[in-house]
Structures are given as structure tokens and as C-alpha cells.
Amino acid sequence: MSPAALLAALGRTVLSILAGIGRVTLYALDALSHIVRPPFYGREFGHALLTVGWLSLPVVGLTALFTGGALALQIYAGGARFNAEAVVPQIVAIGMVRELGPVLVGLMIAARVTSSIAAEIATMKVTEQIDALVTLSTHPMKYLTVPRVLAALIVVPMLVAVGDVIGIFGGYAVATQTLGFNPATYLKNTADFLEPFDIISSLIKGAAFGFIAALMGCYFGMRSGRGAQGVGRATKGSVQAAAILILAANFVLTGVFFSA
Amino acid sequence: MIALTQVKKSFDTNHVLRGVDLRVETGTSTVIIGGSGTGKSVLLKCILGLVTPDAGTITLDDQDVLRADRDTFLARFGMLFQGAALFDSLKVWENVAFRLLRGSLKRPKAEAREIAIEKLRRVGLKPDVADKFPAELSGGMQKRVGLARAIAAEPEIIFFDEPTTGLDPIMAGVINELIREIVTEMGATAMTITHDMSSVRAIADRVAMLHDGVIQWEGPVAQLDTSDDPYVSQFIHGRADGPIEAVR
Ligand SMILES: Nc1ncnc2c1ncn2[C@@H]1O[C@H](COP(=O)(O)OP(=O)(O)OP(=O)(O)O)[C@@H](O)[C@H]1O
Ligand SMILES: [Mg+2]
């Protein structure tokens, strides 16, 4: 490839990435503007609360439980190298609440919720259900996107809170059962060490990740190409984008919250 | 009156509509015929604004459809999609009553359900399908539910994309009669796409044939058989040889 062709290809890629970011941003702003304008579809919102929140509890709980347990084992083993085994409760608490809780819940939501939203909306698109919605005087943004995004925005922080608690419990269980920690001291150390802002930052991250996850599912679903292949591509693209954006947003938010 | 002037639409290099001119008078029934893939469905979607034309103008009662208020504009329309396009998360009756359960035409649930069941009856479906989900129905039944949904709010203008495909001959006859009734009794304006020549004769006041991206022929249904247009006569007699290439 000649240098000029290489440059041209590079330029095209950069341009298409920038155009994509622009489109997603416009879509997000459009979705937000529709949240505050009637009509509001309560039934769809209730359904989204159920599928995004309640039905995600098992997978969120299990993810957090195992992660908290593994974290306790690692910190114990690592801490032993410089006689700092006692920090297990503190590091588990801070690690779960500040980072792993929100990130893992966010990624699990991307896997579970983003994919299913994208596949559902993309299927609606390829079977003309979105067109039918429009002809029945119903705005797809209001009927499909707003309920899902709003539900995720509200319910994912709650899932993160649950994940944080279960993760800490996982660490607690491992530490007290196999590492010889005193249960009462473990809990007291955890409670003393966590600051209110740790928890607030965790919930803010949860809200941001929930928003990203639901928005990506809707965005890719609405832009789906034709046929089963289109649905497959939309689903894959939505999960990839959601996961990457969640990790990037986590980096940015951590920087904003904790690098003072 | 719906009027299309030089409407063009391409998908990449696929030039589907290349300058369509068509007038549909209020209260009449126009049937659009034409080969598979000539852009009949795209034409209806252009009028509804689901597909944006690349060029040309479409007016409804002398107002440009692109400038009309979307909600009031769409409230005048009903559309049966080629693939029925039922919402598979909703029950059959909720599909039919979709418009009646929300928005400006909203009414009490029990009343909406009653209307839905009455519309289902008109398309030959028994009340017990009302509580099923679309996926539990056969293709022909889904099509008829789509039809019931299109007429549920008694719109002024109704588009039917292949209303009788997938139906047995008797049911096709019932649906043809229903469409005719809606036009003559309720004074609705209908545009119907069909490949079924007996449907054309039962439904149409006027017939338009789409070929190569333009309206190749347009006229009253009575002149269809006597038309000396070679495209029309090849099409209605289903001959493989003629100006329309059958094997590409
Ligand atoms: N959204 C789209 N994107 C790309 N191409 C499209 C799209 N919709 C339609 N087409 C193309 O436009 C052409 C006309 O399609 P259309 O569905 O209008 O055909 P039709 O006349 O309704 O055919 P049939 O009688 O088989 O239903 C086809 O070649 C189709 O591939
Ligand atoms: Mg078609």
C-alpha cells in the first residue's frame, strides 16, 4: 500500500469513528429530551424495570459473590508477602465498592441486558414492527428507548448496591471461614473504613453504566441492517460498544472522583 | 387526494423508484400491481414517510407530507404491512386495539377490547384468538390480525400491502369484500398492493402498474383487460414472454 493510500485509509477510519461518536451522542441527547416530554409509557417502563433489574439479580449476585471471595484470597496471599494480611476487610470493601462492584455489574448488564435489548429491537426493525409503531402514531424513541434507558438508569445503581454488599459478604465468608478472621472485627473494619463518598461514587458509576448499557442496546437495535444477519451484527456491536464505553467511562469517573 | 410527482428513491445503486407520478382521489380504491421487487412496498412507505424519497413531492390534500404535523398526518392512516408486523410482545387484541389504548384516540380498556374483537370478527377470526400471542397464529391469521389493526381506528386512508397472500380462496374473497365495503360504505381511500388478479377486479376502482421505477400504466379497472399496453397484458395474463424480462 502506498503511503498516500495508507493515510487515506487512516483518515477514513478516524472519520467514521468520529461520525459514530457524533451519532451516539445525538441519539443520547434525543433520548434524554424524550424522557422529560409526554407521553410516558408506564407499562413498558414497568416491564423494563422487571427485566433489567429484578431478573438480573441472580447473575449480579453470583458475579459479586465469587469476585469478593477471590479478592479476599488474593489480598491475603499478596498481603502475606509484607505481613499485611490484616488489610483484607478494608481492601475488599474498597475494591468492591469503588471499582469491581460497578464495573462487573455494568459488564454483566452489558452481556445480559444490552444484548437482549439490541436483539429485540433489531428483530422489530427487520420485521417492520418499528414502521408499524410509527404508523400507529407512536414514537419508537418514547415507546422503546425511553422506558429501557430510564429503567436502567434507576435500577442499575440498585443492582450495584446489591453487588457491593454481596461482594463484601463473599470476602467476609472466605476470610472468616478459611483465613481465620474474626467475624465481628471483619465487619467493624469494613464499616469503619468505607466512606459515604465511596458508596455514592459506586452508585453514580452504576447509573452511568446502566445508561450506557441500555442506550447501546437501543441504538444498535434501531440501526440494525436487514435480515437475521443484521440482527446478529446489531447484537454483537451493541455489546462490544457497551463494554468498551463502560470501561472507558469507569476510567474517566475514577479519575474525576479519586485522583484529587 | 394523494398526489405523487416525480418521486425517486434509490438504495445505493439500486434505483427503485425513478420518477413516479400518481394521483389517488379521495374515497376511491387504487390497486398497485407490478413485478416482485419493483418497489410497490417502498412506494407506500414513501407516502407514509417511513422511507424518505430522494426527489419529488408527495402531497395529501395539497399539503406536502414532509411538512405536515406527523401525529395528525399519521392519525388519518392505517397500514397493513406485507409481513403483518404484529408486535409479538402484545396479545392479539392489544395489537388490534393499539391505537385505541394510547394517544389521542385512547378509550377505556373494555371498550377498546370490544372494538378489537368486533374487528377480528370482520376479518373472519373468532373471539378466542384475541388472547393469544401473534406467534401462536398461522401466517394467514397473522395477516388478518394486521388487517384488523389497520382498520381498527377507522382511518380515512388505508394502505393494504398484499392483503390476501397466504389466505385460502374463500378467506381471500371475504377480505376483498371487506376492503370494498370499507371504501364504499365508510368512504375511505384505499391503496392496495396485490399480485392476485381476482383481488384486483374485486377491489379496484383504478389500477396502476409499476414497472422499471415508473407508473407504466394507470386507468380504470374496466380498461385493464382491453389495455393494449404490452406490459399490462403480459402481466395480467402471466405470460413468460413479452417486454417484461421474466428470467434475468
Ligand atoms: N430498506 C431497504 N434497504 C435497501 N433496499 C431496500 C429496502 N427496502 C426495499 N429495498 C429494495 O427495494 C426494492 C423494492 O422493494 P419492495 O419491497 O418495494 O418490492 P415490492 O415491489 O414490494 O416486491 P414484492 O411484490 O415482492 O413485495 C428491492 O430491490 C429491495 O431490495
Ligand atoms: Mg412488497
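Modeller: Welcome! Let us start where the two chains meet: 15 residues from chain A and 22 residues from chain B make up the contact. Please keep in mind that this is a predicted model.

Biologist: What makes a residue count as part of that contact?

Modeller: Heavy atoms within 4.5 Å are what contact means. The 15 residues of chain A and the 22 residues of chain B are counted in that sense. Together the chains bury about 1,600 Å², with carbon and sulfur atoms giving 56% of this area. On the chain A side, Glu128(A), Thr135(A) and Leu136(A) lose the most area to chain B, together 35% of what that side buries.

Biologist: Why is Ser224(A) called buried?

Modeller: Its relative accessible area is 7%, and buried means under 20%. The value 7% falls under that cut-off, so Ser224(A) is buried. You will find Ser224(A) in the loop between helix 8 (196-222) and helix 9 (227-258) of chain A. Leaving aside neighbours within four places in sequence, Ser224(A) touches residues including Ala122(A), Lys125(A) and Val126(A).

Biologist: And why is Gln82(B) called partly exposed?

Modeller: Gln82(B) has a relative accessible area of 37%. Partly exposed is the range between under 20% and over 50%, so at 37% Gln82(B) belongs there.

Biologist: How do you know which protein atoms are donors of the magnesium ion (ligand 2)?

Modeller: A donor here is an N, O or S atom within 2.8 Å of the metal. The OG of Ser41(B) and the OE1 of Gln82(B) lie 2.0 to 2.2 Å from the magnesium ion, so both atoms qualify. Ser41(B) belongs to helix 1 of chain B, while Gln82(B) is in the loop between strand 6 (77-80) and helix 3 (92-96), so the pair ties together parts that are 41 residues apart in sequence.

Biologist: What makes strand 1 and strand 4 of chain B a pair?

Modeller: At least two bridges are needed for pairing. Strand 1 (residues 2-11) and strand 4 (residues 55-60) of chain B have 5 bridges in the antiparallel sense, so they pair. Leu4(B) stands opposite Ile58(B) in strand 4 of chain B. These strands belong to an open sheet of 4 strands in chain B, ordered 2-1-4-5 with antiparallel pairing.

Biologist: Why are strand 2 (14-24) and strand 5 (63-64) of chain B called edge strands?

Modeller: Each of them pairs on one side only. Helix 1 (residues 40-48) of chain B lies across strand 1, strand 2 and strand 4, running at about 115° to strand 1.

Conventions
Residues numbered from 1 in each chain as written. Chains lettered and ligands numbered in written order. Predicted model: local features only at pLDDT ≥ 70, side-chain atom pairs only at ≥ 80, totals over all residues. Heavy atoms only, no water. Helix = DSSP H or I, 4+ residues; strand = E, 2+ residues; numbered from the N terminus. Axes fitted to C-alpha atoms, helices over the stretch in contact; angles between N-to-C directions. Donors = N, O, S within 2.8 Å, 3.2 Å for Na, K, Ca; no water. Buried < 20%, exposed > 50% of the residue type's maximum accessible area, 1.4 Å probe, protein only. Buried area = accessible area lost by both parts, 1.4 Å probe.
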